[in-house]
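This briefing is meant to be read slowly, with the picture open beside the text. It begins with the ligand and its surroundings, then turns to the protein as a whole and to its aromatic rings.

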Amino acid sequence: MKKIHALSHFALCTAIIGVGFMNAQAADETIRQLAKERGRFIGTILNSEWFNDAIEPEFEEIHKTQFNVVVAENEMKFDATEPKEDEFNFEKGDKMVKYAQANGLRVRGHALAWHSQVANWVNNYKGQKQKLLAVLKNHITKVVGHWKGQIAEWDVVNEAINDDYNADWRSTNSVWYEGIGAEFLDSAFVWAHEADPDAELCYNDYSIEWGLREGSKASFVVEQVKRWKKNNIPITCVGTQTHIEIAHETTPQNVRALAKALAELGVTLNITELDIGFPKGSAGKLTAADYAKQGHLYRQFMDVFLEEPNMGEFVIWGLTDAHSWLDEQQGKTEGLLFDKQYKPKPAYDSVMASLKAHPASEVKTPYPDSILNPPDTTAKDTTVKDTTVKDTTVRDTTVKDTSDAIKMFAIPNNISIHIAGRTLFVMGTAAKDSKVEVFDMQGRPIFSMENSKGVFDLSSIADGLYVVRVRSGSASLVTRISIR
Ligand code: G3I
């Protein structure tokens, strides 16, 4: 982990003056205040250095003053939260959730199913479909369940599309795709929804800010969202990471086009990892004109964000140029709002100017008031409770749950049922307050249950072919299912 270098006395003084400068402005003139007035969330990551208490004090002071949404750079990924099979480590994530609750910040969870930063032990099950499904289901159920009601939104699947000009699923170097197939995506969304029905669920990817031309990643995303929505897979948002360079001037309008395409599907578009980097070689040679150009691009993204009604979060992948993955891994530099001395750059001023140019009365929000003004959580008991819903039904304890990939069944009246192993999910408008009856092939009733969650445990039913009837209000669906 990078050691913190003692800031020179001069730099520290400058940093404090810089921070002081911002604070000297009218108290309400922070990005956070203007974002809140507009029903939007603007924020950035907590770098890994923060989690290790190895970052300058200015970092947190600016973070909680200027922003109202937060995401962990690495500490909620698979390798961090489940370093050993079925042994979870939530300590660092809990630290961020506690910080967010104490400072009124919305929390994004990043990322549940991703080909990268998967714990090494998962690769022991390469190619074993049933086992990988059980591993992924267990991971998602335990991680989302642990922070149920505390994490507003999850990147359920991250970067599952290849970088080809004729986009398709990422089919190599992905233990999930290679072992399960594309079914892992649908299953991940359904399992995340089961673990926290109130969380918003995103598909997140990079290079989807390059336009909707035939074969592009962005158009592939839109096609998949159409399919997911049609099948009542519970996706609610798409994240465009938007890691770009100063020369990528067409990208703000491409993001607007993607927002409009997703608005037609009733899905939110969030900017989730924005940075606008300069080529690494330019470090130390950048001029005021360069920084102004960077500000202009940030301004355009913020204009698009505020003008598109289905955009909700604007997250920058770093607070200060002093701590950025760009320098460490990307061969780029200085892509953020605050410089290495924590002073605001023209990019910060541009974001503020865009917010002020879009009065709160003109900015629409995709969020209900319950999200914009949640009950005060600071008084919340912060001891980590086991929030998983205890299922009290007496169950056959022999190991049977061979978590299958989600299979979808017919959908008249916008009811859809999905079955995975021995769990039946009712999705769509009928999910709440649905009744499920299962009959054997001779029409004899063998199972009946109704509940408000839309999730039914069929583990008491022996393998075989059955007829299932789902009813909710006037809607009903009858279809055959195979349980094994
Ligand atoms: O924690 C270990 C530390 O113990 C070890 O001493 C050190 C040795 O290099 O490595 C540390 O792990 C590093 C980790 O960041 C935590 O700092 C990994 O090597 C390093 O690869 C990892 O990089 C992260 C990268 O994702 C990995 O893919 C970056 O910080 C993070 O900013 C970046 O974020 C991703 C998003 O999650 C997804 N979208 C792209 C974005 C940029 O790649």
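In this predicted model, an oxygen atom of the ligand is 3.0 Å from an N or O atom in the side chain of Asn 74. The side chain of His 110 also has an N or O atom facing an oxygen atom of the ligand, here at 2.7 Å, and for the side chain of Gln 329 the corresponding distance is 2.8 Å. On its own the ligand has 790 Å² of accessible area, and the protein covers 58% of it.

**Around the ligand**

- There are 17 residues around the ligand, and those that come nearest are Glu 73, Lys 77, His 110, Glu 273 and Gln 329.
- When the residues of this shell are divided by character, 4 are nonpolar, 9 are polar and 4 are charged.
- Two elements, strand E3 (106–114) and helix H13 (325–330), each supply at least two residues of the shell.

**The protein as a whole**

- The protein has 484 residues, of which 54% count as buried, and it contains 15 helices and 18 strands.
- If one takes the contacts with a separation of 6 or more, 75% of them are accounted for by residues that are 24 or more positions apart in the chain.
- The accessible surface of the protein comes to about 20400 Å², and 53% of that surface belongs to carbon and sulfur atoms.

**Aromatic rings**

- A pair of aromatic rings is described by two quantities, namely the distance of the centres and the angle of the planes.
- With ring centres within 6.5 Å as the condition for a pair, the count comes to 16 aromatic pairs.
- In one of these pairs, the rings of Trp 147 and Trp 154 have their centres 6.4 Å apart and their planes at 40°, and the pair counts as tilted because this angle is neither under 30 nor over 60 degrees.
- Trp 147 is buried, with a relative accessible area of 1%, and Trp 154 is likewise buried, with a value of 0%.
- The rings of Phe 338 and Tyr 348 have their centres 5.3 Å apart and their planes at 55°, so this pair is tilted too.
- Phe 338 lies in the loop between strand E10 (332–333) and helix H14 (346–357), whereas Tyr 348 lies in helix H14, 10 residues apart from Phe 338, and both residues are buried.
- Ring pairs also link Trp 169, Phe 189, Tyr 203, Phe 220 and Trp 228 into a cluster.

Methods:
Residues are numbered from 1 along each chain as its sequence is written. This is a predicted model: local features need pLDDT of at least 70, side-chain atom pairs count only at pLDDT 80 or more; totals for chains, interfaces and linings use all residues. Side-chain values use heavy atoms; hydrogens and water are left out. Helices (H or I, at least four residues) and strands (E, at least two) are DSSP runs, numbered from the N terminus. Buried means under 20% relative accessible area, exposed over 50%, partly exposed in between (1.4 Å probe, protein chains only). Contact means heavy atoms within 4.5 Å. Accessible areas come from the Shrake-Rupley method with a 1.4 Å probe; for residues, only the protein chains shown count as cover. A residue is near a molecule or strand if one of its heavy atoms lies within 4 Å of it. A polar contact is a pair of N or O atoms within 3.5 Å; within protein, one must be able to donate a hydrogen and the other to accept it, and residues adjacent in sequence count only if both atoms are side-chain atoms. Ala, Val, Leu, Ile, Met, Phe, Trp, Tyr, Cys and Pro count as nonpolar, Asp, Glu, Lys and Arg as charged, and the others, Gly among them, as polar. Rings of Phe, Tyr and Trp (its six-membered ring) pair if their centres lie within 6.5 Å; planes under 30 degrees apart count as stacked, over 60 as edge-to-face and the rest as tilted.
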